[in-house]
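Biologist: I should like to learn how to read the features of a protein model. May we go through one together?

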Amino acid sequence: MDTSLATRLAARDLAVIWHPCTQMHDHETLPMLPIASAEGVWLTGHDGKRYLDAVSSWWTCLLGHRHPRIVAALKDQLDKLDHVMLAGFTHEPAIELAEELVRIAPKPMSPPPLAGKGEGGGTATNHRSQTDDHVLRRVFYADNGSSAVEVALKLSFHYWKNVGRAERTRFIALTGSYHGETLGALSVTDVALYRNTYAPLLLDPIFAPSPDAYASEPGESAADCARRRLGELRAILARHAHETCAIIVEPLVQCAGGMRMYDAGYLTGLRALCDEFDVHLIADEIAVGFGRTGTLFACEQGRIAPDFLCLSKGLTGGTLPLSAVLTTQEVYAAFYAEYAAGKAFLHSHSYTGNPIACRAALATLSVLREEPVLERNRMLAVHLAAKLAPLADHPHVADVRQTGLIAAVELVRDKATRDPFPAAERRGLRVYQHGLERGVVLRPLGNVVYFMPPFCITPDEIDFMVEVAIEGIDRAVG
Ligand code: PMP
């Protein structure tokens, strides 16, 4: 351990680096923390201090830092092939990964017996849901989450143009959604903090009300709230379907928008509405994919398959940037023509399908396939829920919610009215600071303290993480 090295690194950093999602001025009072190494759920600073990574390093580090099977795969791949462009060339890792993604992707399923009631789903009349149209058979690689969203938006728009429906130029997104920071992805994002400044540069999507259960009417269940929101979406589609390419959603949990959670019946009904109005469905599982919500993909809980599935973050177990957009044969076929027809999707990123990243992804997927990760996650989720339960009685907590291994605590100024703390008070920042003092990385989203730990976390580590968070909450609201 070397405290002076840590101090020197922090000073050198602040002299040259402009950090993401940061008002750099904050670092006049907040420490910059140089990290020297990591293992499992733990990050270790150059000063020897350890931090439990309760947010999986922006939700990327799925299985834990430096998972031995991923590390071994990376070393092996480095000895063989570092990179080759994916246009005109291919390689085994990209092929094998695409085969595996197509194999495990959510499949269209018949709706559950009760979901056929009302707007909840099962009422689809469009022939497309009866065929294998929603089977995801094609993989387009990119290299980060936002670029995957760009690809999905462009593919959907371009599909409609290629099939002679060029009047379809708009997208529908949900209020409170987050899909990334590049201009297209930011366009379908509804988080004012990130969006408002750039609004004049953005596309003009239609925002449909989120089925967010926290915003449900008094006495309304999450399922009822979802049904009501589907009714509102139906009205929007009735007006706008003719000009709409796709609806994009974060299945089950709107993560960066404050870990807002909703009933899976919304997904079932959404799929049915997309079929009925002949609009694409883009599922952005960049944050929730790969077992985070209790099933391998969140879409499975609504028993649906989208027309486009965006994957990234946990895909490589948090080691390297990579993303993939899965789509149907029907979409692929709309682009397949003689070159002169001008139908090709001429989109690229230099590191598309990088072999080392693909090998990391293959190792991640083999762990998910061969080890009882999802079963263990279910046990951990029960433990986490029990540990968080007492917070429901906290005078400044309006909601404790959880979907699989994502849990969130909504801090409010007034519990009875749910009046939030003013954003300018930065209560979440106080929780963050307390977490760092005690050795837990908690990075609240405004007034929402959340947990999204690596899957290797132990029950004892969950206890520590939650204890520190509760201390931090008490300090922050005091
Ligand atoms: N979609 C979702 C749902 C996300 O949570 C994120 C990242 N937080 C993105 C897209 C963007 O991914 P990236 O940061 O890799 O561009």
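The dialogue below moves from the whole protein to single residues.

Modeller: Let us begin with a caution: this is a predicted model.

Biologist: How many helices and strands does the protein have?

Modeller: The protein contains 14 helices and 16 strands.

Biologist: What does the radius of gyration tell us about the protein?

Modeller: It is read against the value for a compact globule, which for 478 residues would be near 23 Å. The protein has 22 Å, so the two agree. Along its principal axes, the C-alpha trace spans about 65 × 60 × 45 Å.

Biologist: What share of the residues counts as buried?

Modeller: A residue is buried when its relative accessible area is under 20%. By that criterion, 55% of the 478 residues are buried. As for the surface, the protein exposes about 20500 Å², and carbon and sulfur atoms supply 57% of that area.

Biologist: How much of the contact network links residues 24 or more positions apart?

Modeller: Among contacts with a separation of 6 or more, such pairs account for 73%.

Biologist: How many positive and negative side chains are there, and how far apart are the centres of the two sets?

Modeller: There are 46 positive and 56 negative side chains, and the centres of these sets lie 1 Å apart.

Biologist: Let us turn to a single residue. Where is Thr 364 found, and is it buried or exposed?

Modeller: Thr 364 belongs to helix α11, which covers residues 355-370. Its relative accessibility is 0%, and therefore Thr 364 counts as buried.

Biologist: What does the side chain of Thr 364 reach, and which residues is Thr 364 in contact with?

Modeller: The side chain of Thr 364 reaches the backbone oxygen of Ala 360 at a distance of 2.8 Å. If neighbours within four places in sequence are set aside, Thr 364 is in contact with Leu 62, Leu 63 and Ile 70, and also with Gly 314, Leu 315, Thr 316 and Gly 317.

Biologist: I should also like to read backbone angles. What is the phi of Arg 303, and where does this residue lie?

Modeller: Arg 303 has a positive phi of about 55 degrees, although it is not a glycine. Arg 303 lies in the loop between β10 (280-284) and β11 (308-311). With a relative accessible area of 28%, Arg 303 is partly exposed.

Biologist: What is the phi of Lys 313, and in which loop is Lys 313 found?

Modeller: Lys 313, a residue other than glycine, has a positive phi near 45 degrees. The loop that holds Lys 313 runs between β11 and β12 (323-328). Lys 313 is partly exposed, its relative accessible area being 24%.

Conventions. Residues numbered from 1 in each chain as written. Predicted model: local features only at pLDDT ≥ 70, side-chain atom pairs only at ≥ 80, totals over all residues. Heavy atoms only, no water. Helix = DSSP H or I, 4+ residues; strand = E, 2+ residues; numbered from the N terminus. Buried < 20%, exposed > 50% of the residue type's maximum accessible area, 1.4 Å probe, protein only. Polar contact = N/O pair within 3.5 Å; in protein donor to acceptor, adjacent residues only side chain to side chain. Contact = heavy atoms within 4.5 Å. Rg over C-alpha atoms; globule rule 2.2 N^0.38 Å. Areas by Shrake-Rupley, 256 points an atom, 1.4 Å probe, with all protein chains shown as cover. Lys, Arg positive; Asp, Glu negative; His and termini not counted. Charge placed at Lys NZ, Arg CZ, Asp CG, Glu CD.
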